[in-house]
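Visitor: Please give me a close look at the salt bridges in this model. Then place them in their surroundings.

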Amino acid sequence: MEIIYPPLVEQGVAFFSHAPEQVELKAKVYEQFVKQGILTETGNPTQMAIDQGWVIDFYEAEHLSFAEFLSLYPIFKQYDEKRFMQIDGFWEVSIDLKKELIREAGSGLFSYDEQIQIEAYLSERT
């Protein structure tokens, strides 16, 4: 049986270790994050963790201005605003940029924080 850990535990493991999946390490990271009040037992970040800046809440409200969108995802400041369009209240990227992001995310070109932003953005979009 494979245990599926919350995304924040997966990110914690990625931050602390670049080795292949390590079930024991994931369990320890999860346990410590819950114990220290970073995560709830269901894997969601606690308000304290968000307030302290330990966890970034990528909640994207509808109808953000482009400046608000960029403050949530600063990685996109390096791209031309023309590559974005607000659709149904959310900022979407062109298909070409989405393909570029997926390709670059897989090649290790982004810093850890940039990678997290890209993954959070793309996880909300199919």
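Guide: Start with a cut-off: a residue is buried when its relative accessible area is under 20%, exposed when over 50%, and partly exposed in between. E100, at 17% relative accessibility, therefore counts as buried. Keep in mind throughout that this is a predicted model.

How many salt bridges does the structure hold? There are three. Side chains of opposite charge can pair when their charged atoms come close.

Take E100 first. Its side chain meets that of R83 in a salt bridge, 3.1 Å from N to O. The pair links distant parts of the chain: E100 sits in helix 5, R83 in the loop between helix 4 and strand 1, and 17 residues separate them in sequence. R83 has a relative accessible area of 27%, so R83 is partly exposed.

Now turn to R125. Its side chain forms a salt bridge with E60, at 2.8 Å from N to O. R125 lies in the segment after helix 6 and E60 in the loop between helix 3 and helix 4, so this bridge ties together parts 65 residues apart in sequence. R125 is buried, at 10% relative accessible area. E60 is buried too, at 11%.

R125 also meets the side chain of E92 in a salt bridge, 3.1 Å from N to O. Here the segment after helix 6 is linked to strand 2, which holds E92, across 33 residues of sequence. E92 is partly exposed, with 22% relative accessibility. E60, E92 and R125 are thus linked in a network of salt bridges.

Next, the nonpolar setting. In soluble globular proteins, nonpolar side chains tend to be buried together. The largest nonpolar core here has 22 residues, and F69, Y73, F76, F84, L101 and I118 touch the most other members. Helix 4 (66-72), strand 2 (90-93), helix 5 (95-106) and helix 6 (112-123) each give two or more residues to this core. Helix 6 gives the most, with five. Recall that E92 lies in strand 2, and E100 in helix 5. Elements that carry salt-bridge partners thus also feed the core.

Aromatic rings come next. A whole-structure search finds 14 aromatic pairs. One of them joins F69 and Y73: the ring centres are 5.4 Å apart and the planes meet at 50°, so the pair is tilted. F69 and Y73 are both buried. They belong to one aromatic cluster with F58, F66, F76, Y79, F84, W91 and Y121.

The loops deserve a check on backbone angles. Most residues other than glycine have a negative phi. H63 departs from this, with a positive phi of about 60°. H63 is in the loop between helix 3 and helix 4, where E60 is also found. H63 is exposed, at 57% relative accessibility. D88 also has a positive phi, of about 50°. D88 sits in the loop between strand 1 and strand 2. D88 is exposed as well, at 68%.

Finish at helix 1, residues 7-16. Its buried residues are L8, V9, G12 and V13. They cover an arc of only 140° around the axis, which puts them on the same side of the helix. F15 is also in helix 1, but F15 is partly exposed at 48% relative accessible area. With F16 and Y112, F15 makes a nonpolar surface patch of about 330 Å².

Key. Residues numbered from 1 in each chain as written. Predicted model: local features only at pLDDT ≥ 70, side-chain atom pairs only at ≥ 80, totals over all residues. Heavy atoms only, no water. Phe/Tyr/Trp six-rings, centres within 6.5 Å; stacked < 30°, edge-to-face > 60°. Buried < 20%, exposed > 50% of the residue type's maximum accessible area, 1.4 Å probe, protein only. Helix = DSSP H or I, 4+ residues; strand = E, 2+ residues; numbered from the N terminus. Arc of directions from axis to C-beta. Patch = residues over 30% accessible without salt bridge, like charges linked within 9 Å, V, L, I, M, F, W, Y side chains within 5 Å. Areas by Shrake-Rupley, 256 points an atom, 1.4 Å probe, with all protein chains shown as cover. Salt bridge = Lys/Arg side-chain N within 4 Å of Asp/Glu carboxyl O. Core = buried A, V, L, I, M, F, W, Y, C linked by side-chain atoms within 4.5 Å.
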